[in-house]
Amino acid sequence: MKILLTGKNGQIGWELAQVLAPVGELVALQRGALDLAVPDQIVRTVRSVHPDLIVNAAAYTDVDRAEAEPGVAMQVNATAPGILAEEARRLGAPLIHYSTDYVFDGAKPTPYVEEDPPNPINAYGRSKLEGERAIRASGCRHLILRTGWVYGLRGRNFLLTILRLARELPELKVVDDQIGAPTWCRDVATATAQLAFQTVAGKAEGLYHLAAAGATSWCGFARAILRERAGETPVRSITTAQYPTPAERPANSVLSSELILARWGIGLPKWEMSLACCLREMSSAASS
Ligand SMILES: NC(=O)c1ccc[n+]([C@@H]2O[C@H](COP(=O)([O-])OP(=O)(O)OC[C@H]3O[C@@H](n4cnc5c(N)ncnc54)[C@H](OP(=O)(O)O)[C@@H]3O)[C@@H](O)[C@H]2O)c1
């Protein structure tokens with residue numbers, strides 16, 4: 001099986017490159033080799049690689065910057081997945097793609113299920129929702145996995161930011177009125193690899209939520225990170241209103257991942273467990 005992976009240097013993309021390599025012949029590309037903002041390049045690349053499966057882990061993920069660059073976000077997160085999907089359909093190959101909790105407005109008091117109507121409140125969320133729609137409209141076989149609050153040992157993410165700020169500041173102030181499920185990029189990649197064969201076989205298709213079990217606030221996440229690291233920097237809880245950002249975020253970002261568990265037996269661990277594993281790996285990498 002030949003797999004074309006985009007965004008190989010991203011958080012999820014890097015982990016995918018590790019877990020998909022044993023699954024088949026992997027062609028993993030970074031932005032320099034395939035720029036999703038250039039439609040011709042997408043078409044040329046897919047046609048020359050001729051994959052049996054496309055996994056799109058590339059995306060415009062800077063939520064705040066997207067407010068100032070909604071056109072670029074739309075190009076990368078909506079137009080490009082639509083072209084990938086069109087090319088996948090031509091080849092008869094399925095497409096695995098990632099979407100986000102930010103397609104929802106966060107007003108629901110309970111975890112979001114797949115059937116809940118999306119209503120994005122920022123440019124990033126709107127672009128990701130359009131990406132989902134473009135893929136569905138193409139008629140290609142596809143699996144869209146919505147996840148949220150992704151962190152890992154590489155790239156730009158909340159975990160690494162908190163560890164850095166805890167070294168630099170005497171006290172951290174972190175938003176406590178937005179809740180979600182911090183999800184380790186490794187867990188998303190492992191689940192994707194488990195689903196890859198079923199997707200190629202035409203079994204695993206459609207839209208699923210895939211996030212860590214449980215929920216917390218950004219403040220709770222920050223405290224857990226520092227607790228695991230035996231950090232002594234105090235974390236003070238603040239409100240969203242006290243921390244204005246260019247992009248509005250949903251107050252409730254919790255995704256229910258019950259459907260993918262019921263259909264495919266795929267369930268991610270509790271967020272605290274994965275956080276502990278991720279930090280243990282960070283410690284052992286630092287000491288080796
Ligand atoms: N991060 C989260 O909290 C989160 C939450 C929900 C859903 N998701 C979704 O999960 C997927 C993976 O996210 P992630 O956290 O792994 O993202 P990430 O770490 O930001 O990685 C995104 C990758 O996309 C690449 N990319 C950006 N623009 C590109 C372009 N024009 N052409 C080609 N590649 C481009 C980046 O390349 P460069 O390194 O060159 O910039 C990077 O390698 C995305 O679909 C994202 O929307 C993420």
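Here's a walk through a sheet of strands and the helices that lie on it. This is a predicted model, where local features need pLDDT of at least 70, side-chain atom pairs count only at pLDDT 80 or more, and totals for chains, interfaces and linings use all residues. Residues are numbered from 1 along each chain as its sequence is written, and side-chain values use heavy atoms, leaving out hydrogens and water.

Let's start with the sheet. Six strands make an open sheet in the order E2-E1-E3-E4-E5-E10, with parallel pairing. Strands (E, at least two residues) and helices (H or I, at least four) are DSSP runs, numbered from the N terminus, and two strands pair if DSSP finds at least two bridges between them. At the edges sit E2 (25-29) and E10 (206-209), each pairing on one side only. E5 (residues 142-147) is joined to E10 by four bridges, and Arg146 has His209 in E10 as its bridge partner.

Now for the helices. H5 (residues 123-138) lies across E4, E5 and E10, in contact (heavy atoms within 4.5 Å). H5 runs at about 155 degrees to E4; such angles run from 0 to 180 degrees between N-to-C directions, with axes fitted to C-alpha atoms, for helices over the stretch in contact.

H5 also meets H4 (residues 70-91): their axes come within 8 Å and cross at roughly 15 degrees. H4 and H5 are therefore roughly parallel to each other (angles under 35 degrees count as that). Among the residues making the contact are Ala73 and Met74 of H4 and Ala134 and Ile135 of H5.

Notes:
Angles under 35 degrees count as roughly parallel, over 145 as roughly antiparallel, 65 to 115 as roughly perpendicular and the rest as oblique.
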